[in-house]
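Student: I should like to learn how the terms used for a protein model are justified. May we go through one example together?

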Amino acid sequence: ATGWRVRPAAGLLHPRAFLNGLAFRVFHSTQYVRHHSRPDYTPEPDLCHELLGHIPMFMNPGFADTVQAIGAASLDAPEDDIWHLVKVYWYTVEFGAVRDDGRGHGG
């Protein structure tokens, strides 16, 4: 295991708070499940998205270390840099990043 923990969150966190958790290998997860009338869509991440999409990736040591490094970079960062770091996280984890050798993270 990679030492990550999941902590419940009532909703979306401020980017600094979310990134701070990542620095300490804590993933804040939403607690609600999308409405049964729209199983294919939710405007915000729900428990299905977190459990099926994000949590399994934390079992990969390379991914886990990368995400922790993004979080660690936020600890003393000025507010302007927080928004850049959250974009790095967003575009890497939510959409995926692929290296030249075909290996990648997220998405």
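Student: Leaving aside its neighbours within four places in sequence, which residues is Leu22 in contact with?

Tutor: Please keep in mind that this is a predicted model. In it, Leu22 is in contact with Trp4, Phe27, Val67, Gln68, Gly71 and Tyr89, once neighbours within four places in sequence are set aside.

Student: What makes the largest nonpolar core, and which residues have the most contacts inside it?

Tutor: A nonpolar core requires buried residues of kinds such as Leu, Trp and Val, joined through side-chain atoms within 4.5 Å. The largest such set here has 17 residues, and those with the most contacts inside it are Trp4, Leu19, Leu22, Phe27, Val67 and Tyr89. Two or more residues each are given to this core by α1 (15-23), α3 (61-74) and α4 (79-94). The element that gives the most is α4, with 5 residues.

Student: Which residues of α1 are buried, and what do they pack against?

Tutor: In α1, the buried residues are Pro15, Phe18, Leu19, Gly21, Leu22 and Ala23. They pack against β2 (26-29), α3 and α4.

Student: Why is Arg25 called buried or exposed?

Tutor: The relative accessible area of Arg25 is 13%. Buried means under 20%, and therefore Arg25 is called buried. Arg25 is found in the loop between α1 and β2, and takes a positive phi of about 60 degrees just after α1.

Student: What does Arg25 touch, not counting residues up to four places away in sequence?

Tutor: Arg25 touches Thr2, Gly3, Trp4, Arg5, Ala64, Asp65 and Gln68. The side chain of Arg25 also reaches the backbone oxygen of Thr2 at 2.8 Å. A polar contact needs a pair of N or O atoms within 3.5 Å, and the 2.8 Å between Arg25 and Thr2 therefore falls within that cut-off.

Student: Why is Arg103 called buried or exposed?

Tutor: Arg103 has a relative accessible area of 55%. Exposed means over 50%, so Arg103 is called exposed. Its place is in the loop between β3 (97-98) and β4 (104-105). The C-alpha atoms of Arg103 and Tyr89 are separated by 17 Å, the two residues being 14 residues apart along the chain.

Student: Which residues form a nonpolar patch on the surface?

Tutor: The patch is formed by Trp90, Tyr91 and Phe95, which together have about 380 Å² of accessible area. One of them, Tyr91, lies in helix α4.

How values were computed. Residues numbered from 1 in each chain as written. Predicted model: local features only at pLDDT ≥ 70, side-chain atom pairs only at ≥ 80, totals over all residues. Heavy atoms only, no water. Buried < 20%, exposed > 50% of the residue type's maximum accessible area, 1.4 Å probe, protein only. Helix = DSSP H or I, 4+ residues; strand = E, 2+ residues; numbered from the N terminus. Contact = heavy atoms within 4.5 Å. Patch = residues over 30% accessible without salt bridge, like charges linked within 9 Å, V, L, I, M, F, W, Y side chains within 5 Å. Areas by Shrake-Rupley, 256 points an atom, 1.4 Å probe, with all protein chains shown as cover. Salt bridge = Lys/Arg side-chain N within 4 Å of Asp/Glu carboxyl O. Polar contact = N/O pair within 3.5 Å; in protein donor to acceptor, adjacent residues only side chain to side chain.
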